[in-house]
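Open the model in your viewer and keep the selection box ready. This tour goes from pockets to rings to cysteines.

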Amino acid sequence: MGITYIPEEQLFKLDTPNTTYCIGVIDREGFLGHAYYGRRIDNIQGMSALMRIYENPMTPETNARDRLSFLDCFPAEYSAHGVGDYRESSIRVRSAGGHSAVLLTYVSHEIYQGKRRLEGLPATFGDESEVTTLAITCRDAVLGLRAVLEYSVFEDTDAIARSVRFYNDGDGPIYLEKAMSACLDMDNRDFDMLTLHGSWARERHMDRRRVSHGKHAVSSLRGEPGHQEHPFMALLEHTATQTRGDVYGFSLVYSGNFRMQAEMNQFGSVRITAGIEPEDFSWKLTSGESFQTPEVILVYSGEGLGGMSRTYHDLYRKHLIRSPYRNKKRPILINNWEATYFDFNEEKLLDIAREASKLGIEMLVMDDGWFGNRYDDNRALGDWQVNEEKLKGGLKKLVDGVNALGMEFGMWFEPEMISPESKLYQEHPDWAIAIPGRVPGLARNQYVLDISRKEVRDCIMGQMFEVLHSANIKYVKWDMNRPLSDLGSAALEADRQGELYHRYVLGMYEMQERLLAEFPELLLENCSGGGARFDPGMLYYSPQIWCSDDTDALERLAIQEGTALIYPLSAMGAHVSVCPNHAVGRNTPFETRGYVALAGTFGYELDITKLSQEDKDMVSRQTAMYHRFNDLVREGDYYRIASWQDNHLYDCFQVVSKDKGESLVFYVQVLGEPNQHGRILQLQGLDENAEYRLYEADMQGDTEEITQDTGRVCSGQLLQNGGMLVERLWGDFRAKLIWLKRQ
Ligand code: DGJ
């Protein structure tokens, strides 16, 4: 495994357990070409032919008169700009002379064990026994621009991390106007493109369509990934399913503007480019300075989408999430947002905590509304002082009271924002992002703080630290409730204004890093008006992210399915809330809401003092269920069995422990059907040679026992090939949780 250089063929071979990736250096000029990515190949003799360098048009070395024909079809490892490759470029500059062309060619390389940290950016990690890295240095001699293309392969996971670092070796400044993290050229193999799209309260729905000629992109200019598009793209064979077919995934570890694009050209080849959105991006590199792109994670699966998802889950759980909680059960929390919105005081919170503690809930999270004069969402962001009119006796008294009930305490912040009606804005109006002479647009009646500025970050972090040190606070929900607009920083020179989007993201990362350095044991949950900043970058800081403001069980099935395409269930913030649901007005059974939330971090978002006795009894059983099954849900392998988005009737997914000793099957009958005779579900991931005993979750029983033995024992072979029968349920939105235990 690892990385080898084969000098006779001038090929780099990057191997993961089941995949191979090959890069070639060709021609005396040192063009860097992409030869292969896919199923593992041990003997790669003759591989360079796949770059078509022996066919017409040959390389410039042998056919200089047709240089452009060569450049416009050569499978480039990092595509040039402005010199005759007319497909999407990976880089573009503005030189001292005002020119935009760049052609990076091979200079040297280094292969080393381990992986460097990416300065200022979140990134996957691994020690010397887990990761090998190839660093290829390229140069554009005319510009004096050096680029180091980095590729890290993981010993235990079929993933490759790619990023680029640029250095200005010249005398004058160079402006980077586009700096993608990766480019990949492949022949089209009847590919579909799969992306995740959405809106507020319906994030990350799957969107699959044919790749055709021209450019197909998803992107964001919101300063965060946003609810609408997601920094991910997969190319998959048109016939690929959950279990079969070639799938290539591209997931960007970045929390700002992004662009993921596939372009099919005249010859039927496809170029994927991924990285920071070039529109409104410009970075001044003065002599001797460098610029680091975020990294993109490439995953190839020859076993359909399911294989790709499991690789991302393993990689992100082991090599991206750093939190001390990453392998731990998280406390079951109850959040007061949907219970009270802004209308609460310490008595109300204590009432909720009192009732919650009796039912097995372990933490109270105080949401928006505890600071300044925050009586609604029109004011006070930036004034992070406790409102003692609401919390009489102060924060410590409240936290101590909650602790006395045996519960932990967590709280909400929105550190990147400023309300026009706040003390902070009165003192520092220039701290809001704005363009001189243009009144910036409000959203939720708030502006965005210019956190590219150190003094702004210092002020906010100082306020937060004071609050967090004042009481026993174990959890922070870090929210962000509007996208960026009217980009302008009072602190940046004119020729650096194009840096603001990226500097904003770097500033936010630095703030979260500081928070965790100050409170290393803190459980941090990121959030952005629901799930607008659910991306791999944020997972580096918080082991869980709030998925969506929509907690309706049915909508959540779609949101969580799309999210689980890339992210482990352990990362998905999921709560049980009341009905009619506050986002869609739908009624679903309490039991179903519980199962759907158990497939995430699990918690509650409701006024527990107002629940019926029947629902309260179920809360006790749900919390017990969480303790019984969370290790499996958090650490197991995820299999998608059926999607109600495809069949419009039912949804099913499964989690299997790594040793295949047990499995949980989540089944939701979305619509009841007349004259239906039970459904047979073909399970996956089991030990074919073992027998499993089937238990059903019992949420209403008279005994303490939360699972009931069905008396059925089936072989793994039968459950996978024949299937498992689930009887018809009565009504809509009814659910079953089935636990399989190896005998
Ligand atoms: C958006 C979040 O997603 C909600 O959970 C809540 O925290 C509100 N913001 C508070 O303003």
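Select α8 (500-518) first: this helix gives 6 residues to the lining of the second largest pocket, the largest share. Helices (H or I, at least four residues) and strands (E, at least two) are DSSP runs, numbered from the N terminus. A pocket here, on a 1 Å grid over the protein atoms alone, is an open set of points where a 1.4 Å probe fits, with protein on both sides within 12 Å along at least five of seven lines; lining residues have an atom within 4 Å of a point.

This is a predicted model: local features need pLDDT of at least 70, side-chain atom pairs count only at pLDDT 80 or more, and totals for chains, interfaces and linings use all residues. Residues are numbered from 1 along each chain as its sequence is written, and side-chain values use heavy atoms, with hydrogens and water left out.

**The second largest pocket**

Its volume is about 460 Å³, taken as the space filled by probe spheres set on grid points that are joined across faces, edges and corners. Now select Glu119, Gly120, Leu121, Gln292 and Leu506; of the 20 lining residues, these are the closest to the centre. Add β19 (290-292), which, like α8, gives two or more residues to the lining. Colour the lining by type: 8 residues are nonpolar, 4 polar and 8 charged. In this count Ala, Val, Leu, Ile, Met, Phe, Trp, Tyr, Cys and Pro are nonpolar, Asp, Glu, Lys and Arg charged, and the others, Gly among them, polar.

**The largest pocket**

Move to Gln242, Glu561, Arg640, Ser643 and Asp646. They lie nearest the centre of the largest pocket, which 20 residues line. Show β12 (205-210), β32 (637-642) and α13 (644-647) next; these are the elements that give two or more residues to this lining. The space inside is about 580 Å³. The lining divides into 7 nonpolar, 9 polar and 4 charged residues.

**Aromatic rings**

The model holds 38 aromatic pairs. Rings of Phe, Tyr and Trp (its six-membered ring) pair if their centres lie within 6.5 Å; planes under 30 degrees apart are stacked, over 60 edge-to-face, and the rest tilted.

Select Tyr425 and Tyr447. The pair is tilted, with 5.7 Å centre to centre and 40° between the planes. Tyr425 lies in helix α6 (423-427) and Tyr447 in strand β25 (447-448), so the pair ties together parts 22 residues apart in sequence. Buried means under 20% relative accessible area, exposed over 50%, partly exposed in between (1.4 Å probe, protein chains only). Tyr425 is partly exposed at 22%, while Tyr447 is buried at 9%.

Go on to Tyr695 and Trp739. Their centres are 4.9 Å apart and their planes at 40°, so this pair is tilted. It links strand β36 (691-697) with strand β39 (734-742), 44 residues apart. Both residues are buried.

For a cluster, select Tyr21, Tyr37, Tyr151, Phe191, Tyr248 and Tyr300.

Two arginines come next. A charge sits over a ring if NZ of Lys or CZ of Arg is within 6 Å of the ring centre and within 35 degrees of the ring normal. Arg94 sits over Tyr175, 4.3 Å from the ring centre. Arg556 sits over Trp546 at 4.8 Å.

**Cysteines**

How many disulfides are there? The count is 0, a disulfide being a pair of cysteine sulfur atoms within 2.5 Å. Select Cys547: the closest cysteine sulfur, in Cys527, is 10 Å away, too far for a bond. Cys547 is buried at 0%. End at Cys714. Its nearest cysteine sulfur, that of Cys652, is 15 Å away, and Cys714 is buried at 14%.
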